[in-house]
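Student: Got a minute to go through a model with me? I'll put it up here.

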Amino acid sequence: MAETFPFELVSPERLILSEDAVQVLIPASEGQMTVMKNHAPTMTTVKPGLVVVTRADGSEETIFVEGGFADINDNGLSLLAEIAMLTSDLDSDMLAARLKEAQDAVDEAEGDAKDLAGLHLSDLEHVKNSLAL
């Protein structure tokens, strides 16, 4: 049996998920990161994307996150997300609204801020394509 570790995902509104996991795939700002038991202590920012949690029984839970921080330490993984929801609760209208806000931010931004806003929009478009919404 694969070794598990404690995982918690929290948004400002509520605790989204708290359980033991075999592995958690997170959309870290520097690229996708897979966390497993005994991972080196790390703190990273999280970009918009999908968190995939694999349980000991092999089942998976997929959660949409939009920004935040991940803290990996001896106590497990804590992900503090600005926005988070189970993908089963995410519909095309909600995602379309997030995409419109991101496009508006791109349209209004200038200089480096425009580049960052464009990356945010690109990340959200990737989520939309991944979920086929």
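Student: What radius of gyration does the protein have, and what would a compact globule have?
Tutor: The protein has 15 Å, which agrees with the value near 14 Å for a compact globule of 133 residues. That radius is taken over C-alpha atoms, and the globule rule is 2.2 Å times the number of residues to the power 0.38. Bear in mind that this is a predicted model: local features need pLDDT of at least 70, side-chain atom pairs count only at pLDDT 80 or more, and totals for chains, interfaces and linings use all residues. Residues are numbered from 1 along each chain as its sequence is written, and side-chain values use heavy atoms, without hydrogens and water.

Student: OK, and which elements does the protein have, in what order?
Tutor: From the N terminus the run is β-β-β-β-β-β-β-β-β-β-α-α, so 10 strands and two helices (DSSP runs: E, at least two residues, for strands; H or I, at least four, for helices).

Student: Which residues touch the most other members of the largest nonpolar core?
Tutor: Phe 7, Leu 9, Val 51, Ile 63 and Leu 79, out of 23 residues. Such a core is a set of buried Ala, Val, Leu, Ile, Met, Phe, Trp, Tyr and Cys residues joined through side-chain atoms within 4.5 Å, where buried means under 20% relative accessible area with a 1.4 Å probe, protein chains only. Apart from it lies another core, of 12 residues, including Phe 64 and Val 127.

Student: Switching topic: how many positive and negative side chains are there?
Tutor: There are 8 positive (Lys and Arg) and 25 negative (Asp and Glu), with His and the chain ends not counted.

Note on methods. Buried means under 20% relative accessible area, exposed over 50%, partly exposed in between (1.4 Å probe, protein chains only). The place of a charge is taken as NZ of Lys, CZ of Arg, CG of Asp or CD of Glu.
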